[in-house]
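Welcome, and thanks for taking a look at this one with me. Below are some notes to read alongside the structure, one topic at a time.

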Amino acid sequence: MVSPSMQGKYRNQQDINWYPGHMLKAKKELAEQLKRVDVVLEMRDARIPVSSVNQDFEELLGHKKRILIFNKTALADQEVTRNWEESFRTQDIPFLFIDAIKKSHLQKLLPLSRNIMQQKWSAFRRRGIRPPSLKLLICGIPNVGKSSLINRLSGRKAAETGPAPGGTSHQDWIKLGSDVELLDTPGILWPKIKDRETGLRLAITGAIKDSIVGTSQLSIYLIGILKQKLPDKLQKFYQLTPENLALFPEDILQKIAENRGCLKRGGAVDQPRAESLLLRDFRQGKLGRLSFDYPKPDDEV
Ligand SMILES: Nc1nc2c(ncn2[C@@H]2O[C@H](COP(=O)(O)OP(=O)(O)OP(=O)(O)O)[C@@H](O)[C@H]2O)c(=O)[nH]1
Ligand SMILES: [Mg+2]
């Protein structure tokens, strides 16, 4: 999935890993809860449907009934998302592409979950027993929007959310009305991210905390991709000239810092400030929609 130019650029650099103790603990606690839940909502990032797959879940969830939820669709390239939807339609696992903030397609989630339970509940009803409340567990990589989805579904601020990964530190059952309960869980990565490009994609979309890769490398990686995929947006948003765009990413970052007034006392460029600004603008969608994983390898970044 990695283009030759990108492979060359990052081949010799360190692996990217983030697996603090709380993730191992969260994984064990997740395993313990599984028998209590009816359906698992496994959340991935619509911009990186492949890079956001935690293979540990495959093992852990086994034959558990599951819905794949791809969140932050409003930040992903629309055509690429359509292609992903097409490719998932050929598989027999239910899935939804949603956006928790824009509230798109959220209304499909509970009917889909109930539908999955229909057979079991019909058996209850035949025996004259009222089915118990629907118990859903939401899991996924950090910062993908699990708690935000819960808040949207419940219509209140039931779960803690925030721009940095690690917002949810412990499991929490949240009631949605009288017949649905949802278990929020902390985001979990895996012990060893084998390829660096996957690590970079997880970091740029916010699943790995910035200090692991460093904002400098992340910004340079991002500018390289924006130059290729969204040059007009990059140029316009930061008032760059066409000549600026032809520069190396490091030099473009310098121009962004100058144009945005990211200067230290004395007038020298404050590069860390410009890096944080760029990453924030990108993550808020101000630089346009961008996908990093592609179902068609030819479209790779
Ligand atoms: N644009 C956009 N941003 C989102 C969406 N969902 C969540 N966010 C933002 O992503 C950040 C993380 O959201 P959370 O809901 O805390 O993510 P989480 O998966 O619970 O994170 P952890 O608890 O750290 O695992 C917040 O800044 C949210 O506002 C979405 O659908 N679209
Ligand atoms: Mg959370």
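1. Let us begin at Leu277. Setting aside residues up to four places away in sequence, Leu277 makes contacts with Tyr238, Arg260 and Cys262. Leu277 sits in helix H13, and it counts as buried because its relative accessibility is 16%, where buried means under 20%. One of its partners can be followed a little further: Leu277 and Cys262 are 15 residues apart along the chain, and their C-alpha atoms are separated by 9.1 Å.

2. Before going on, a word about what you are looking at. This is a predicted model, and the average pLDDT of the protein chain is 94, with 94% of the residues scoring at least 70. Please take care with residues 1-12, where pLDDT stays under 50. For that stretch the model has 19 contacts beyond four places in sequence. Where pLDDT is low, the predicted coordinates should not be read in detail.

3. Next, the metal. Which protein atoms are the donors of the magnesium ion (ligand 2)? They are OG of Ser147 and OG1 of Thr168, at 2.0 to 2.2 Å from the ion. These two residues bring together distant parts of the chain, being 21 residues apart: Ser147 belongs to helix H6 (residues 146-154), while Thr168 is in the loop between H6 and strand S5 (172-176). Both Ser147 and Thr168 are buried.

4. Ser147 deserves a second look. With a relative accessibility of 7%, Ser147 falls under the 20% limit and therefore counts as buried. Apart from its neighbours within four places in sequence, Ser147 is in contact with Ala159, Glu160, Thr161, Thr168 and Asp184. Thr168, then, is a contact of Ser147 as well as a fellow donor to the magnesium ion (ligand 2).

5. Now turn to the largest pocket, which holds about 880 Å³ of space. It is lined by 37 residues, and the closest to its centre are Lys72, Asn143, Ser148, Gly162 and Pro163. Which elements give two or more residues to this lining? They are H6 and helix H13 (271-283). H6 supplies the largest share, 4 residues. So you meet H6 again here, the helix in which Ser147 lies, and H13 too, the helix that holds Leu277.

6. Lys72, one of the residues closest to the centre of the largest pocket, has a backbone feature to check. Its phi is near 65 degrees, a positive value in a residue other than glycine. Lys72 is placed in the loop between strand S2 (66-71) and helix H4 (78-89). Is Lys72 buried or exposed? It counts as buried, because its relative accessibility is 18%.

7. His105 can be read beside Lys72. His105 also is not a glycine, yet has a positive phi of about 65 degrees. The loop between strand S3 (95-97) and H5 is where you will find His105. Its relative accessibility is 36%, which means that His105 counts as partly exposed.

8. Leu110 is in helix H5 (residues 109-126). It has a relative accessible area of 19%, so Leu110 is buried under the 20% limit. Which residues does Leu110 touch, not counting those up to four places away in sequence? They are Leu136, Leu176 and Val180. Leu110 and Val180 are 70 residues apart in sequence, and the distance between them is 8.8 Å, C-alpha to C-alpha.

9. Glu79 is a surface position to compare with these. Glu79 belongs to helix H4 and counts as exposed because its relative accessibility is 52%, with exposed meaning over 50%. The C-alpha atoms of Glu79 and Ser291 are separated by 9.5 Å, although their positions lie 212 residues apart along the chain.

10. Last, the cysteines. How many disulfides are there? The count comes to 0. Two cysteines are worth finding in the view. Cys139 counts as buried because its relative accessibility is 0%. Cys262, the contact of Leu277 from the opening point, has a relative accessible area of 2% and is therefore buried too.

Note on methods. Residues are numbered from 1 along each chain as its sequence is written. Chains are lettered from A and ligands numbered from 1 in the order in which they are written. This is a predicted model: local features need pLDDT of at least 70, side-chain atom pairs count only at pLDDT 80 or more; totals for chains, interfaces and linings use all residues. Side-chain values use heavy atoms; hydrogens and water are left out. pLDDT is the predictor's confidence in each residue, from 0 to 100. Contact means heavy atoms within 4.5 Å. A disulfide is a pair of cysteine sulfur atoms within 2.5 Å. Buried means under 20% relative accessible area, exposed over 50%, partly exposed in between (1.4 Å probe, protein chains only). Donors are N, O and S atoms within 2.8 Å of the metal (3.2 Å for Na, K and Ca); water is not among the atoms, so sites may look incomplete. On a 1 Å grid over the protein atoms alone, a cavity is a set of points where a 1.4 Å probe fits but cannot get out, and a pocket is an open set with protein on both sides within 12 Å along at least five of seven lines; lining residues have an atom within 4 Å of a point. Grid points are joined across faces, edges and corners, and a volume is the space filled by probe spheres set on the points.
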